[in-house]
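Visitor: I'd like a close look at just one part: the contact between chains. Please walk me through it in one go, with the cut-offs as you use them.

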There are 2 protein chains.
Amino acid sequence: MPRYYRYLGELLENGFERISSDDLSRRMNVTASQIRQDLNNFGGFGQQGYGYNVKFLYGEIAKILGVEKTHNVVVVGAGNLGHAIAKYPGFDRRGFNMLGVFDINSSLIGQKVGDLEIMPVSKLKEFIMGEDIDIIALTTPKEAVEDIISIVKDSKVTAIWNFTPVDLKAGPDILVENVHLADSLLTLSYKQQMRKNNKLE
Amino acid sequence: MPRYYRYLGELLENGFERISSDDLSRRMNVTASQIRQDLNNFGGFGQQGYGYNVKFLYGEIAKILGVEKTHNVVVVGAGNLGHAIAKYPGFDRRGFNMLGVFDINSSLIGQKVGDLEIMPVSKLKEFIMGEDIDIIALTTPKEAVEDIISIVKDSKVTAIWNFTPVDLKAGPDILVENVHLADSLLTLSYKQQMRKNNKLE
């Protein structure tokens, strides 16, 4: 679904009003029958021979993805990765409001990340409560993870977008989505190695 | 495999010499039988009742992952994300040498990213050839992707670690590993929404 949402968003930006499953199939490199199956699961937006209404479909998928509502996000960890996340283009228009950046390093406090001022972790709990934060993007070193989790527990936060190399267990009420960069690079290297082995055989 | 590699690396750092599949199971939150199955696929490193030799297993998995060799990597795109990737701790010790950072923006050329100086994209092809680069980490805006791919084609690069929001098609000789940050955040939001719907039912 996120991938459909991304492609439909691009089509919308480029002024497309309708798109056939065949055309979408070519663009997304997915079979047309897969597309019809995926999209019919969510209520059958297509009409035979007429294609999908891009804007309508985009809106319906937005509802499914929970982005017709806005989400309030803070980034914890103001290193390079934290900066990259806080300033990543395109989150805004998908309904993700970056509302704060936090760090434990006192020399960073008060510095700007885009429009946001870096705040001390000691103010994180208060901020989460006051601003209805529901997502934490976590980009700290692994040593800091436990402290942050203990702050986040029992708050309104329902999801952690985890960039640390730790497989988080944040309890039953908090969803975790992991982006393990080192694992991803190793996966690439693994595939390279497999391919090399296949060629040598 | 990347996940096993990460856990075993941590065990090694913490001085563990042997580990049982039960202990590894608890740490990784995977069943012990799954662990035995995964690791036996790669040659049966374990001995009944005695556990795995952490160092040996780590080395064997390193070979499987292709990291007993070193990989030479350049980052193309010296924005926040490019900085984060170029300076990400722990790539070195896994055998990934970050050898260069490139950007098209002339005001960035010559600035430092850690020990590396930002170089102009016009020198990318020459650099790739001279330094035996086999992996490109791509963190440019999507508008630049096509140009970079045309530079990278017909070089020694065999893999692209792709952070752009484009689903790359780089040809049959180049592997692509995608890290779509926006898709990842949408996945999180989707899961949040599903959970909310389930609670309301």
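Guide: Let's start with a quick stop outside the interface: a search of the whole structure turns up 12 aromatic pairs over all chains (Phe, Tyr or six-membered Trp rings with centres within 6.5 Å; planes under 30 degrees apart are stacked, over 60 edge-to-face, the rest tilted). One of them is A:Phe102 with A:Phe127, edge-to-face at 5.4 Å centre to centre and 70° between the planes. This is a predicted model, where local features need pLDDT of at least 70 and side-chain atom pairs pLDDT 80 or more, while totals for chains, interfaces and linings use all residues. Residues count from 1 along each chain as written, chains are lettered from A and ligands numbered from 1 in written order, and side-chain values use heavy atoms, without hydrogens or water.

Now the interface. Chain B lands on chain A after a 180° rotation with 0.0 Å of shift along the axis, RMSD 0.0 Å (least squares on C-alpha atoms with pLDDT of at least 70 in both copies). The two copies are thus related as by a two-fold rotation axis. In contact terms (heavy atoms within 4.5 Å), 64 residues of chain B touch 63 of chain A. Since 98% of chain B's interface residues are also interface residues in chain A, the copies meet through the same surface.

Together the chains bury about 5600 Å², 58% of it on carbon and sulfur (accessible area lost on assembly, 1.4 Å probe, summed over both parts). B:Leu185, B:Leu186 and B:Gln192 supply 12% of what chain B buries there, more than any other three residues.

As for charges, 10 salt bridges cross the interface (Lys or Arg side-chain nitrogen within 4 Å of an Asp or Glu carboxyl oxygen). In one, A:Asp183 meets B:Arg6 at 2.8 Å, N to O. A:Asp183 sits in helix α8 (181-200) of chain A and B:Arg6 in α1 of chain B, so this pair joins two chains (helices are DSSP H or I runs of at least four residues, strands E runs of at least two, numbered from the N terminus). B:Lys191 and A:Glu177 also form a salt bridge, again 2.8 Å, N to O.

On chain B's side, the elements giving at least two residues each include α1 (2-13), β9 (175-178) and α8 (181-200). The largest share, 16 residues, comes from α8(B). By type, that side splits into 32 nonpolar, 12 polar and 20 charged residues.

Key: Buried area = accessible area lost by both parts, 1.4 Å probe. Nonpolar A, V, L, I, M, F, W, Y, C, P; charged D, E, K, R; others polar.
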